[in-house]
Amino acid sequence: LTTSSSSTPPPPTTTSLYGYTPPEQSLTNQSSIKKAPGPKVGDVVRYYELDGGRPDGQELVGKITFIQSSSKNNWIAEITSLEDVGDGYYAEYPWRQKRKSKLYDLKDVAPLAASYVRTEDAFKVPRDAMGRPKPNWESYDLENYQGPGAIPINEEIVSTDFQKYNLLKVELLKNAAIAGLIGTIAANLFMGLEDALIYFAGAIAGVGYLFFLSIKTDTLGSPDAKVGSNVANLRFAFPLLVLVGVAIQNLSAGDASPITAGNRGGLNILRSVSQDQFAAAMLGFLTYRIPLFISQLGPLIGESAGMVLPGSAGMALQMVSDAKNAKDAGSGNTGVFGENLTTILLISGPAGTGKSELVQRLIEDSDGKLVPPRTLDIVSDPMIYEQLEAKNEILQVDNKGRYALTKDGILSAARKPKDGDGLDQVVVVDADVDLSKKLVSMSGIRLVGVWIGLDELDKFESNLRAQLDSGTIEVPEDETKDSVLRGKIREIVKDIEYGVVSGIFEFTVLNDDFDRSLLQLKDAVEYCFK
């Protein structure tokens, strides 16, 4: 029997959900990869701007936003420059400032092992001893590059969206016609029959304007786009035709016209239209905008009401909206106040509150009434994970990059009550603010929200310092404990703001005493089973 010594392979490198992988570590992990990668939209790159006053150009960092072919086997990329905010961080320019984008030859662009740092809202870029950006390859591999990969198109989704578009178009035309009819009746009551008829003609012109505008929309991106655009331009003549018709009617009325006969000899027949007639025609024409405005304002009012109303009231409004959407979609989740909805105990709060310890103890003391959501093992089921990730159905991945949380993992974790039986299990989700926002927009659930916090910001800082000293929170090589702490505090302040204004949390627990906080959490659990 012979044995051979072999070194134990290093553990797989994973990217933290809330932190980042240091760029230097990324370079080390890729050192065994000799071949450079192909370019992708979104890559952070180093490039040179020849207008910088130096012979070799000014060295800049930017992000690829577009790739196109300039000739055979030659590719150019649109690069949007990133702002150097110091310490190797590069951020996108504020929206108030005009973005600086130019086209560059991809052969002159070098990829950087940049990592996005959420706390800084910027990309961390590796640098050399001189403080300059250090690319992991001097250029991309363009030898066999075929261009950006085509995005797969789901024909079923396209067909469904087209049907929705047609329904929306018919609905808008119908609402515009109804609004015009209602406006005509009101004009008849307050302005008289003559102005009401002019208003009605203007309203018909408004519906025609909307219809011809839809012709332009229907032909966008098609071979008939130019023809459709030309035909759609006829819509601008509709209000003028109404005024011309009114003017001809006035001229044919002779002395009965509302305009004096002295104006009839002018070359401009529109002078025979009175101010009241002009106002009636224009108001009628613009009536089509009223249903458009209401349809756009309605969702904003509904969302604002859900945010303003506290706790149960806001969640009740959200559940009514979810139930309506489910009914429109033909699903079985038509209940409003708990019927056919999965109850979720959402426990959220910023870092440094001891939230996770409370949740773990709460589940242990529940005698099986509380269960955590099921997670997907990425290592065991990589294909399923890739499919769900492509559909944007992954809600969260743990810090080790091993387990993923999905909507189905939440909905299927608790036992479903039989007909006539009461609820006997509730799913408990230990969530940060980002996950809370995703759960609020998820249909088919009834959320009972609990916010875990502390009464002083100094206590957050003290807890975070203890975690930094113990190594629970890792400090990247190119940062200090103080810089990490500042980033965490900024993140906590944003989280607290969400907890205050979101209106989804019916219970607030200030975790100054573990046992007392646990009792308050158990009171919230009782509410879940009502």
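**Salt bridges and a nonpolar core**

Reader: Does Asp43 count as buried or exposed?
Author: In this predicted model, the relative accessibility of Asp43 is 16%. The cut-off for buried is under 20%. Because 16% falls under that limit, Asp43 counts as buried.

Reader: With which residue does Lys40 form a salt bridge?
Author: Lys40 itself is partly exposed, at a relative accessible area of 49%. Its closest N and O atoms in the bridge are 3.6 Å apart, and the partner is Asp43.

Reader: How many residues apart in sequence are the parts that Lys63 and Glu92 tie together?
Author: The two side chains meet in a salt bridge at 2.4 Å, N to O. Lys63 belongs to strand β2, while Glu92 sits in the loop between β5 and β6, so the parts they tie together are apart in sequence by 29 residues.

Reader: Which helix holds Lys169, the partner of Asp218?
Author: Asp218 and Lys169 meet in a salt bridge of 3.0 Å, N to O. Asp218 is partly exposed, at 39%, and lies in helix α3. The pair ties together parts that are 49 residues apart in sequence, because Lys169 lies in helix α2.

Reader: Let's turn to the core. Which element gives the most to the largest nonpolar core?
Author: This core has 22 residues, and Ile410, Val427, Val429 and Leu439 touch the most other members. The elements that give two or more residues are β10, β15, α12 and β16. With four residues, the one that gives the most is α12.

Reader: How many residues are in the second, separate core?
Author: Its members include Leu345, Leu370, Val448 and Leu521. The count for this second core is 17 residues.

Methods. Residues are numbered from 1 along each chain as its sequence is written. This is a predicted model: local features need pLDDT of at least 70, side-chain atom pairs count only at pLDDT 80 or more; totals for chains, interfaces and linings use all residues. Side-chain values use heavy atoms; hydrogens and water are left out. A nonpolar core is a set of buried Ala, Val, Leu, Ile, Met, Phe, Trp, Tyr and Cys residues joined through side-chain atoms within 4.5 Å. Buried means under 20% relative accessible area, exposed over 50%, partly exposed in between (1.4 Å probe, protein chains only). A salt bridge is a side-chain nitrogen of Lys or Arg within 4 Å of a carboxyl oxygen of Asp or Glu.
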